[in-house]
Amino acid sequence: MQYKKRTHTCGELRPSHIGQPITLTGWVDTRRDLGGVIFIDLRDRYGITQVVFGPQYEEKAHQLAKELRSEYVISVTGKVEQRPEGTINPKILTGEVDVVGMELVILNKAENPPFAIEDDIDTNEDLRLKYRYLDLRRSEMQKRLLFRHKMYQITRKYFDEHNFVEIETPVLMKSTPEGARDFLVPSRINPGKFYALPQSPQTYKQILMVAGFDRYFQVVKCFRDEDLRADRQPEFTQIDVEMSFIDELDIQTIVEGLMKKFFKELLNIEVQTPFPRLSYKEAMEGYGSDKPDLRFGLKFADFSELVKDSGFKVFSESVKKGNVVAGFAVPGGAGFTRNQMDNLVDFTKSLGVGGLAYIKLTDKGIDSAIEKFLGNEICLKICEAAGAKPGDNVFIVSDTWQKTYSTLGTLRLEMAKRLNLTDENKWNLLWVVDFPMFEYSEEEKRFVAMHHPFTSPKPEDEHFLNTDPPKARARAYDLVLNGNEIAGGSIRIFNSEMQSKVFSLLGIGTEEAKTKFGFMLDAFKFGAPPHGGIAFGFDRIAMLLTNSKSIRDVIAFPKTSSGYSLMDDNPSEVDKKQLDELHIKLK
RNA sequence: GGGGUCGUAGCUCAGUUUGGUUAGAGCGCUUGCCUGUCACGCAAGAAGUCGCGAGUUCGAGUCUCGUCGGCCCCGCCA
């Protein structure tokens, strides 16, 4: 097929091009056939240009243009002309000119697309995913992927300028016992043995530090075989970072520098550094989350002291058991109806606590079902502690420390949503630090690492490892943006004795540690430098900075929430021959 | 593993509460007319496995059970 290559893109032509012969290629966006004259909006990734065909220009091209339909791929040669008076379209950048179509070549026809190739389409996501190539043809999707592209460029430039070395680590790695479920890859050459896809290149990057690379980064795919969410895909991209001879502040400063660049170069927003630090304890006791969204208030207060000697046994007994009574003031909540409150009480109960007590503060004073147990004075003190104003409603929960605050945290987010308290124009960045080393897993009946098993304890807490492990805090830090964890890291353990001790606290025996992590313990015996690092959730940052509702909107070919790829029908069954070669028999 | 919600024309949805004539609308599509449109206009037309499978019933888009799929959440995600 003969056709001329384009001389310009569809976003390029301006009045300065008037009179020039040019060729454009692209997709037919819309066609307006007025009988004697036909207008075509021609689209490529750079923009839209209007092409006009008519018998007074070129009869043959006009006849062929009658056949054009949406999404036909064409090449048009013609002349750039000023649009007649009153027909300029200010909505498009090329709206001052037309291309008069003299030669038209239909490069490919197209079936009528299942949904319109335009922004703000109102269609089911499964259809978009099945026809992803059409979805990605839409300008809002192209913009998102271009945004993502810029993020890669900024990242690589930034780390290169700061002396970091990009090193690729294996995708076929050793399965490790801790953390997320691994995706396994059977080894054909080694019957019965498996590789795992990396949950993160954690062990490799630490070994690169032992190797002396000092500053490493990688933009890397990671894989976790866990259930999906709006912000979680089974394969996702991290910016993985590791540094030697540093402390927490060095890592955090490097990270803040990158975030500053992202905001400046992508959104033209200046963010202030350093970002605020909140300890895990402060975050939990203040906002009920280890990734608090501080774009709005609703900060908690602890009422335990106020109620421990009160006549309200539900609270006083609870405090005596070592539990907590805490809550927060809901602005305007005194106006909630009985029905609304019953609904909120049910909502709270569904989160796994006994209930939700509440004290309404009105102009006339306290209005609460628990006033008769607590007394007016304590109720007023609770309102004061919560910072309640007349018209507010203080929500109170009592349970264990963990349950009370995590329930209040969920309730806090729910109330912010219902009352529309979130300022969508705000960007709230903060560090959460001083995480506990361990948390107890009810399911496994043992301690598990809150961050990961290579995380170093804080030096002043090391003694707790022998006496009271849950009290030991880790040298770990998470970066939070608008209530989303977007990066997490730690200063690592770098001597094999400490590493062995932490393994044993995690219930990983000497033998198992040797089998699973022996290579790392060995490496640490040959001169491991002190080191630490962090990993960014690249897709999540892209999602947040582009105001996308889902991580799927910033990934070219994402999976559905059941881990399925609708476009290529994947995962799929394989031939028995393939399984035989892999020594696998299906149950 | 659990909870919620959705599934009707190519698309978005109404119709389901209370089973009953030929399942409708807007957009899109097709055809015709139309020389300055850009949400073109006007006229006509085609288009349905009511997700799928059983069941109840004289009769099921509508009721029951099962099942598949999308989305959101809990668990899970160091």
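Among contacts in chain A between residues at least 6 apart in sequence, what percentage join residues at least 24 apart? In this predicted model, the figure is 68%. Chain A comprises 18 helices and 22 strands, and its C-alpha atoms occupy a box of roughly 95 × 75 × 50 Å along the principal axes. Of the 587 residues in the chain, 49% are buried.

The nonpolar interior may be considered next. In soluble globular proteins, nonpolar side chains tend to be buried together. The largest nonpolar core here contains 50 residues, and Phe328, Leu344, Leu356, Phe395 and Met415 have the most contacts inside it. Phenylalanine 395 illustrates how this core is assembled: beyond its neighbours up to four places away in sequence, Phe395 touches residues including Phe328, Val330, Phe336, Met341, Leu344, Leu356, Leu411 and Met415. A second core, separate from that one, has 42 residues, among them Trp431, Val433, Ile486 and Ala542.

Helix 9, residues 313–320, shows how a single element divides between interior and surface. Phe315, Ser316, Ser318 and Val319 are buried. Viewed down the helix axis, these buried residues fall within an arc of 160 degrees, so they line one face of helix 9. Lys313, Val314 and Lys320, on the other side, are exposed. The cover over the buried residues includes helix 8 (304–307), strand 13 (324–330), strand 14 (357–362), helix 11 (371–374) and strand 16 (393–399). Just after helix 9, glycine 322 adopts a positive phi of about 95 degrees.

A charged side chain is also found in the interior. Lysine 205, in helix 5 (residues 202–210), has a relative accessibility of 1%; because the limit for a buried residue is under 20%, lysine 205 counts as buried. Its side chain makes a polar contact of 3.4 Å with the side chain of glutamate 242. Leaving aside neighbours within four places in sequence, lysine 205 is also in contact with Tyr216, Asp240, Val241, Arg492 and Ile534.

The protein surface around RNA strand B involves 47 residues, of which Thr87, Asp98, Glu226, Ala449 and His451 come nearest. By type, this surface divides into 14 nonpolar, 17 polar and 16 charged residues. On the RNA side, sugar or phosphate accounts for 54% of the atoms within 4 Å of the protein, and bases supply the rest. Several side chains approach the bases: a polar side-chain atom of arginine 32 lies 2.7 Å from a base oxygen, while side-chain N or O atoms of aspartate 227 and arginine 229 lie 2.6 Å and 2.8 Å, respectively, from a base nitrogen. Strand 1 (21–33) and helix 2 (125–130) are the elements that give two or more residues to this surface.

Several loops contain notable backbone geometry. A cis peptide bond, with omega about -5 degrees, joins threonine 273 and proline 274, the latter lying between helix 6 (248–267) and strand 11 (277–279). The bond from asparagine 570 to proline 571 is likewise cis, with omega near 5 degrees, and proline 571 lies in the loop between helix 17 (538–545) and helix 18 (576–581). Phenylalanine 245, in the loop between strand 10 (235–244) and helix 6, has a positive phi of about 60 degrees although it is not a glycine; this residue is exposed, with a relative accessible area of 58%. Aspartate 434 also has a positive phi, near 60 degrees, and is partly exposed at 21%.

Terms used:
Residues numbered from 1 in each chain as written. Chains lettered and ligands numbered in written order. Predicted model: local features only at pLDDT ≥ 70, side-chain atom pairs only at ≥ 80, totals over all residues. Heavy atoms only, no water. Core = buried A, V, L, I, M, F, W, Y, C linked by side-chain atoms within 4.5 Å. Buried < 20%, exposed > 50% of the residue type's maximum accessible area, 1.4 Å probe, protein only. Contact = heavy atoms within 4.5 Å. Near = heavy atom within 4 Å. Polar contact = N/O pair within 3.5 Å; in protein donor to acceptor, adjacent residues only side chain to side chain. Helix = DSSP H or I, 4+ residues; strand = E, 2+ residues; numbered from the N terminus. Nonpolar A, V, L, I, M, F, W, Y, C, P; charged D, E, K, R; others polar. Arc of directions from axis to C-beta.
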